Amino acid sequence: MINIIFLPWRDIHNYRKEGFRVRESNILKNLSERSDINKILIVNRARNFKSVVLKKTTGMEIKSEILPNKTLIYEYFGSKLFKITENIFSLELPWYFLNKGDNELENYLLFQKYLMFIINKISRLLEIDLNSKNTWVWSSDLTRSYIFKELNNKGLNCIKIFDTIDNLTEHGAYTHKQKEKNKERYKEVDQNVDIIFSVSKANLEILYKNPYVKKYHIENGVDIERFGKFHRIKEKNKKTICGYVGVIESRVNFDLLREIAIKTPEIEYKLVGPVLDSNNHTLDQLQKLNNVHFVGPVSFEEIPSVINNFDVCIIPHVINNFTKSMSPLKFYEYLAANKPIIMTQVPPADSVSKVKGVYIANTVEEWLAALEKAKKFHEEELKNDTERQLLIQRHSWKQIVDHMVNCVLNTSSEVI
């Protein structure tokens, strides 16, 4: 049986707030449902005291209760270990004023030593052997790259896994200093792990050079049942609705979208999600167009019905090193909802360009041509396409996680 110490980028508190919205949460969910997994210990980030007290809302909150703490098992100097289910445990660290989005607290050696001590202590309590290849330390949190180094320094033989979500040396939200720090962290990962997963091939080629580390390109997935259960018949003479779901920031090509919207006044464009790029002049101009509507954020529970109301789904991302490092979750959600999709040449465009109802377009002219074709599709036509449905099945979260686990198992014959 396998034990997993799970170090997510967005942790248990995000799951409870926004549901199984992100890659890490879906991986955790599907790992916990496997019969060969014994225990999973989630090591959460220290929460920011101010954010806990103010309880700020984002508009993406869910109503249902996900993975609540059931039993307090152990306390040590402010850290608390909770039992969530028979095989899932949550380690929650003390609240601090200093710990914002980039997990600043863990830049300090003293806290790093404290966390390693706590992980060792809790592992012994849960009978998780860090010196066994039946124990996997699975992280997607780059700020905790030092944990892999510490495990190696102690000569502990657990399997060390890093899941690369985005290239954080290219992310527009980071300062130059933070990007340089992230470069160091990727090198630390490269030198100290056994397995690297990545949502894009570009990350594997750019970030990791160690020839002795096993590297796997594993794209994002989708909960097929959630997104494939709706059916919408477009009413005659109604405007075509083109929709986008996701964070609205610099990854969106506002110039391209504005030109397309101006040239297609008969089409209604709906952008669903929080707007983070508030000082963008082109975005301001886009918001003034009569046929472009910014809906704002919606909860994870509402996303399937929101997508169902689109006639065409779009991913008008800019093409740069950051967007090439991504694998948009929305693509697979659009796909599972049986919608025609138009996207720029960003992952996974290269591998899906021949799939029915998927159009790759970069220029305004290409988008206009793709729109003419896409808006003629009926959902049933896409739902009955064998190739498209096989692609959806291959990207179910269960299939994705099964593939990841098999990659790890094949790395070490000692795992039982």
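Ten aromatic pairs are present in the structure, which is a predicted model. One of them joins phenylalanine 6 and tryptophan 138, whose rings lie 6.5 Å apart from centre to centre with 45 degrees between their planes, a tilted arrangement. This pair links distant parts of the chain, since phenylalanine 6 belongs to strand β1 (residues 2–7) and tryptophan 138 to strand β6 (residues 135–139), with the two positions 132 residues apart. Phenylalanine 6 has a relative accessibility of 2% and therefore counts as buried, and tryptophan 138 is likewise buried, with a relative accessible area of 2%.

A second example is the pair of tyrosine 76 and phenylalanine 117, whose ring centres are 5.6 Å apart and whose planes meet at 45 degrees, so that this pair is tilted as well. Here too distant parts of the chain are linked, with tyrosine 76 in strand β3 (residues 71–76) and phenylalanine 117 in helix α4 (residues 109–125), 41 residues apart. Tyrosine 76, at 24% relative accessibility, counts as partly exposed, and phenylalanine 117 is partly exposed with a relative accessible area of 38%.

Returning to the first pair, Phe6 and Trp138 belong to one aromatic cluster together with Phe197 and Tyr216. Aromatic rings also meet charged groups: the charged end of arginine 10 sits over the ring of tryptophan 9, at 4.9 Å from the ring centre, while that of arginine 226 sits over the ring of phenylalanine 300, at 3.7 Å from the centre.

The strands named so far belong to an open sheet of nine strands, in which the order is β3-β4-β5-β2-β1-β6-β7-β8-β9 and the pairing is mixed. Strands β3 and β9 (214–217) stand at the edges with a single partner strand each, which means that one side of each has no neighbour in the sheet. From one strand to the next, the twist averages 20 degrees. Strands of a sheet pair through backbone hydrogen bonds, in either a parallel or an antiparallel manner. Strand β7 (residues 159–164) and strand β8 (residues 195–198) run parallel and are joined by four bridges; threonine 164 has serine 198 in β8 as its bridge partner.

Helices pack on this sheet. Helix α4 touches β1, β2 (37–43), β3, β4 (79–83) and β5 (88–92), and its direction makes about 135 degrees with that of β3. Helix α6 (residues 176–192) touches β7, β8 and β9, and its direction makes about 145 degrees with that of β7.

How values were computed. Residues are numbered from 1 along each chain as its sequence is written. This is a predicted model: local features need pLDDT of at least 70, side-chain atom pairs count only at pLDDT 80 or more; totals for chains, interfaces and linings use all residues. Side-chain values use heavy atoms; hydrogens and water are left out. Rings of Phe, Tyr and Trp (its six-membered ring) pair if their centres lie within 6.5 Å; planes under 30 degrees apart count as stacked, over 60 as edge-to-face and the rest as tilted. Buried means under 20% relative accessible area, exposed over 50%, partly exposed in between (1.4 Å probe, protein chains only). A charge sits over a ring if NZ of Lys or CZ of Arg is within 6 Å of the ring centre and within 35 degrees of the ring normal. Two strands pair if DSSP finds at least two bridges between them. Axes are lines fitted to C-alpha atoms, for helices over the stretch in contact, and angles run from 0 to 180 degrees between N-to-C directions. Contact means heavy atoms within 4.5 Å.
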